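Student: Please take one part of this model and look at it closely. I would like to see how that part sits among its neighbours, and then how the rest of the chain compares.

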Amino acid sequence: MAWPRVQLVVTADDFGYCPRRDKGIVEAFLAGTVTSVSLLVNGTAAESAAELARRCGGVAAGGCSSRSSKLSPEVLKEVVGANADTLLVQTLEQSHRGTKRSSSFQKFKVSVPLQVREELEAQLSRFRELLGRSPTHVDGHQHVHVLPGVCQVFAEALQAFGVRFTRLPVECGVGSCSWLEAPARAFACTVERDARAAMGPFSRHGLRWTDAFVGLSTCGRHMSAHRVLASLARALEDIPAGRALTAELMAHPGYPSVPPAGGCGEGPDAFSCSWERLHELHVLTAPTLRARLAQNGVQLCALDDLDSKRPGEGVPCEATLEPFLEPSLP
């Protein structure tokens, strides 16, 4: 039997953030669109999320999303001797804008490796406690796992724990997405640049990722069936089609958090409280997206399905995404 042209993993992030987000993620999984779930192991609802995954039809909570408490404002104050809240914003902005780093940021970078290793090991161990096994894949909250100075240690830790998959957030063409606000577009382009630089360390430590990634241009209110298909087509158009191609769609669905419940000890953030989480949930649970993916030869699957497939196995089918290569609607 011929393999579909594209195998797509749809990952819902932030499972364990709060019960409302978790409820929406489970609904999206049971609807058949979400095929993979990343558990935020230090989220306030991580334990109930793990139990929910076991009860609700085998929710594929195979991923571990690392949000580092070791890089909290309190720790940063000790590392850099400055107002950590302001400095963290400044250094991240400098990093994502590609501007010159401050001397304080250099100190921050020196302290990162040990803290990242300790936190990753703690969170991977926590995942095992919650679900009784190691995760199939691990990524960093807000893509911190591809940052310079972090990606090497991240890859080493995953190799030591036997984790083979990670997320490589390289979304081709995201810089030309006119519907994104300028800061979001700049952030996406910098994430892509850092991710490309992280490919070397990831490869050297045996990590794998999908052929293509989509999600930066379709986050929140920007998500629609048309945009997902168009972004997927754009991401895949330059990849040789001698085999079934693989892709990941990053999503953040759920019912918006309501303070004070949620977060990782500090309460829910504006992102999780936004109505945009509900918008993503509606797109992912409506039949339109699944139908259009199927019409274009896209097979929804989990990362485990990709892992079992040997390179070169199968022949791409006739269906293509070419009709969606035209510019997306605003």
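Tutor: Start with Thr11, whose bridge partner in S2 is Ser36. Strand S2 covers residues 36-40, and 3 bridges join S1 to S2. The two strands run parallel. The model is a predicted one, and what follows is computed from it.

The link between these strands is helical. Helix H1, residues 19-31, joins with S1 and S2 in a β-α-β unit. That unit is right-handed.

S1 has other partners too. With S7, S1 pairs over 7 bridges, in the parallel sense. One residue to look at here is Val10, which stands opposite Leu249 in S7. With S8, S1 pairs over 3 bridges, again in the parallel sense. There, Gln7 has Gln299 of S8 as its bridge partner. In the model, then, S1 pairs with S2, with S7 and with S8.

How covered is S1? Of its 10 residues, 10 are buried, and S1 counts as mostly covered. In a regular strand, side chains alternate between the two faces of the sheet.

Now move to helix H8. The buried residues of H8 pack against S1, which spans 6-15. They also pack against two of the strands paired with S1: S7 (245-251) and S8 (298-300). Strand S6 (212-214) is a further packing partner, as are helices H10 (276-285) and H11 (287-295).

H8 itself runs over residues 225-236, which makes 12 residues. From its first C-alpha to its last, H8 reaches 17 Å. That is close to the 16 Å expected at 1.5 Å a residue. Like S1, H8 is mostly covered: 12 of its 12 residues are buried. Among them are His226, Arg227 and Arg234, along with Val228, Leu229, Leu232 and Leu236. Ala225, Ala230, Ala233 and Ala235 are buried as well, and so is Ser231. An α-helix has 3.6 residues a turn, so residues three or four places apart point the same way.

Helix H6, residues 151-160, gives another set of buried residues. These are Cys151, Val153, Phe154, Ala155, Ala157 and Leu158. Just after H6, Gly162 takes a positive phi of about 75°.

Next, a loop. Glu181 lies between strand S5 (165-166) and helix H7 (182-204). Glu181 counts as partly exposed, because its relative accessibility is 34%. Setting aside neighbours within four places in sequence, Glu181 is in contact with Arg221 and His222.

The cysteines can be taken briefly. Cys301 is buried, because its relative accessible area is 3%. Cys172 counts as partly exposed, because its relative accessibility is 28%. A search of the whole structure finds 0 disulfides.

Finally, step back to the whole chain. It has 12 helices and 8 strands. Of its 330 residues, 52% are buried. Among contacts between residues at least 6 apart in sequence, 80% join residues at least 24 apart. The chain exposes about 14200 Å², and carbon and sulfur atoms supply 56% of that area.

Methods. Residues numbered from 1 in each chain as written. Predicted model: local features only at pLDDT ≥ 70, side-chain atom pairs only at ≥ 80, totals over all residues. Heavy atoms only, no water. Disulfide = S-S within 2.5 Å. Buried < 20%, exposed > 50% of the residue type's maximum accessible area, 1.4 Å probe, protein only. Helix = DSSP H or I, 4+ residues; strand = E, 2+ residues; numbered from the N terminus. Expected span 1.5 Å × (residues − 1). Contact = heavy atoms within 4.5 Å. Areas by Shrake-Rupley, 256 points an atom, 1.4 Å probe, with all protein chains shown as cover. Pairing = 2+ DSSP bridges. Right-handed = clockwise from strand over helix to strand, strands pointing away.
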